[in-house]
Amino acid sequence: MSHLFDHHGAPGQGYAQPAPILPASSLVLPDSLIRKSAPRWPRISEPEMVRHYTWLSKRNFGIDTGFYPLGSCTMKHNPRVNEVIAQIPGIADIHPHQPEHHLQGLLSIYHEMQHMLEIVAGMDQVTLQPVAGAQGEFTAVRCVQEYFRLRGEDQRTKVIVPDSAHGTNPASAAMCGFEIVEIPSRIDGRIDLDALRAVADETTAVMMITNPNTLGLFEADILEASAIVHNVGGQMYYDGANFNAILGITSPGLMGFDAVHFNLHKTFSQPHGGGGPGSGPIGVKAHLADFLPGPIVKKRPIMDDEAKHAIDDMWFGWYEPTHSIGKVQQWHGNAGAIIRCWAYYRRYGNGLTTMSQHAVLNANYLRHVLHREAKAAGVGDMIVDGAETDVAKHEFTISLGPAKESHGISAMDVAKGLLDMGYMAPTVYFPLVVPECMMIEPTETESKETLDTFARDFAKVLQVDAETLHAAPITTPVRRVDEVYAARNLCLRHPYDDD
Amino acid sequence: MVDQLPNLGREAEMLAIMGMSSIEDLFADVPDEVRMKGPLPLRDAQSEEEIIADARRLLGSNVALGERVSFLGAGLYRNYVPAAVFQLITRGEFLTSYTPYQPEVSQGMLQAMWEFQTLISELVGLPIANLSLYDGSTAAAEAITCCVRVHTRKATQKDTVYVSELTPPDRMSVVENYCQGAEIKIKLLRHNPDGTVNLSSAKDAAGSCGVYVEQPNPIGILDGGLPLLKEIIGEHTALIVAVQPISLGLVEAPGAYGADIVVGEGQPLGSPITGGGPIYGIFACSQPYLRLMPGRIVGRSIDVDGKEAFCLTLSTREQHIRRHRATSNICTNETLIALMGAMHMSLLGPEGLHDLAVRNMAACTLGKQKLASIEGIHLPHASSHHFQEFVIEVPGTASDCLAYLDSVGIVGGFDVHRWYADRPNWLLVSFTDQTQANQIELLAEHLEVWAADQGVTA
């Protein structure tokens, strides 16, 4: 084990700093402001620090170390040139309060991204401000809320979400102050139009839904669902978490949606960094555009004295919509993430359709060979599809319900068995509507061989006896972690001897 | 031609295995009425070489602050971040991982974040820290909604918080957006003309759910009165203090004077400014707030063999479990940037943090000495204590003054008029460990020229 807080080296060993430009003795602070005891931070030299974090990194699984089929998270390869680009001083060393003529390059990229996202989503205006998917949801629902307030429709206090929705949907709507109405999915995992009709009324503000849904199924009745909500005067919100399935195939605009968020970090490959950063822009139809948070970038031809700062004779300027809800993050969104996603977009251009086609190809192929290999190994009856369907989209679900019933093997057991085979486990126990659920999303950046091998290894895990699987994993840096112990014996920081 | 797709050219083979003949078969479930017709009206794909060339051209046209002499801060600060941080952060095991739902293969990031929690906890003087929020503004907003959840039942001023009237409008706007859904009433906490909190009007906040102040405050003042605030507002009103983390190398940790929640922009520790994001928000609190706080938390535990192991804990507060009753909707956060913060803090150590704080304050102090002596330039808070930035009152408008400074290659600071409508001639000038004495001289010279040109004679 390597412990950061075991390091008690010489003071200032980490990195030597130049002398202050005035001696410390000339600085004056009253006693009430002076810190009395220093933080008990470690004293670690650079060689030890580099080794510590390298050691930690070796105890962490990333896309770079192996197949990461974590459903709903779109763990695709992160091209390295994007990291190089993000270190260019023209992005790393710029301040959001610099004047427009200092930032024409950044603004032009923002404009290009707004435009591209408007096209792929079929929306009229995009803002890049929200910094994560959940924040995008919150922002868009806030815009709809202000839209209704301005129209005097204060009675619209409810937001409808399917029971298969991501947890962020109801959480974001509740943060805006809406009451949540959850509707059950049909037995096949798709939206229940009758259930929707039963709850949609003049109190409906928004319906939040993702398509393909969280089971990876395309909601073919989406136009009908949109019509039901629009007929009672409500707005349709598209959760873009599953956007990777549909670029160039269909769009939220074509499906009747009024607002959408993008998880740029998923679809456009900002590295997920162990939990973030993300980027969650939103797009809306024209009637909601005035409510968006700024800044939004608009372009116009240059005027007389602007040529020396301009790019391609166009001027890019920040713009605040008239009835803007205000800000949801203090600055201009996660600019560094947007630059990486711009580089990713440039890599595909109009070939983004091919990207989605391959995401769907890989998911369906994996679904096929997973069942094939399980059958060939004689364990085909341990898994069933999470939902009946001919084709899935970018992800699919399976249920380990039969395995649980016949062998006492749970989805969690299989997940831990997969860790021992060198894989990240798929998402487990979500969506809640599928018992013993595994949600599998291979993404388009995995080869056929990887998918074939994973399918065979998955079948091998199913052949392992329950007792052995309950004990898995055994090859990982630690074995099954006791989460109940962690919650009952809370230790949220290093326990110092002198505490 | 696109790359990045290992199965390009093998579609037919894979489809045949599935008993399909065309990619179109995979989209048979998408009704024709919603199908996009024709190719996407977007530019053609580019190669890596072309992308990087375009990136260099476009981003190269931005003015990077390192190319100029810069005194722009106002919430984001250019401190030196050691090279080891940037090198280590590129390790794919960190960079390309996600939320550690499977702790057995995520021990590295989990332990690093548990260490981050400890570093932040020690820095601010409170026992609990989460592993980051989006930025300082959302951390402030989440702290305010959190304190209402904790205190409103017993509060005499229900659903009410007092927020410093100096809070910049762009930060306040975030707070308002986060608060409106819970119908939280935001009242303004008054300040004295010298920029310090008006302690006698702070009595009005007693019995409310919380008080939000910043130290140093948005115009750079270190307020010696803050340590008295907790006693004034009382035990059942949360004291929320937003900090510039590096200042805590010199300035008292808010936990030591009764703060219940400490938030802040973590950026100066570990991260370049990056146009304002991705950066990370700090959130730390005391015990009573633990179960109603936002964000992910790592706990130390054991594995089945009794070996030390780490995992996410107290998840029942979070959206993926609690759904619409969650304490926050946050899911994806800023873990990687927080990791950069942890690396920077590790290398600094307690003495390094102190030295870094001294360097910031020394530059500010020298700047104050130089600028205060310029005829026509007035320091409205000259007698106050400043950590790394202060306001100067310029002849003419701050906006025109900044344009002049820009014309001579100086990014002169922040036009406070963008925050406060009644301050057209306040310029907020910031100093960091990177500020050199000759740069301050240059600023002083040009401010002198500016003042003289405005008709103020020496």
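Q: Which residue of strand 11 of chain B stands opposite Ile297(B)?
A: That's Thr313(B), which sits in strand 11 of chain B, across from Ile297(B). Keep in mind that this is a predicted model.

Q: OK, and how do strand 10 and strand 11 of chain B run, and how many bridges join them?
A: They run antiparallel, and six bridges join them. Strand 10 of chain B covers residues 297-302, while strand 11 covers residues 308-313.

Q: What do the two strands form, and how many residues are between them?
A: A hairpin, with five residues between the strands. In the turn, Gly306(B) has a positive phi of about 80 degrees.

Q: How many residues of strand 10 of chain B are buried?
A: Five of its six, so to speak of it as mostly covered is fair.

Q: Switching topic: how many residues does each chain bring to the contact between A and B?
A: Chain A gives 172 residues and chain B gives 167.

Q: Which part of chain A gives the largest share of that side?
A: Helix 11 of chain A, residues 352-376, with 11 residues.

Q: And what kinds of residues are on chain A's side?
A: There are 92 nonpolar, 56 polar and 24 charged ones on the side touching chain B.

Q: Now just chain A: what domains is it divided into?
A: Domain 1 is 82-349 and domain 2 is 353-484. Their centres, taken over C-alpha atoms, are 31 Å apart.

Q: How many residues does each domain put into their contact?
A: Domain 1 of chain A puts in 19 and domain 2 of chain A puts in 20. On the domain 1 side, nine are nonpolar, eight polar and two charged.

Notes: Residues are numbered from 1 along each chain as its sequence is written. Chains are lettered from A and ligands numbered from 1 in the order in which they are written. This is a predicted model: local features need pLDDT of at least 70, side-chain atom pairs count only at pLDDT 80 or more; totals for chains, interfaces and linings use all residues. Domain bounds come from an automatic or database domain assignment. Two residues are in contact if their C-beta atoms, placed from the backbone, lie within 7 Å. Ala, Val, Leu, Ile, Met, Phe, Trp, Tyr, Cys and Pro count as nonpolar, Asp, Glu, Lys and Arg as charged, and the others, Gly among them, as polar. A residue is buried if 20 or more other C-beta atoms lie within 10 Å of its own, exposed if 12 or fewer, and partly exposed in between; C-beta atoms are placed from the backbone. Helices (H or I, at least four residues) and strands (E, at least two) are DSSP runs, numbered from the N terminus. Two strands pair if DSSP finds at least two bridges between them.
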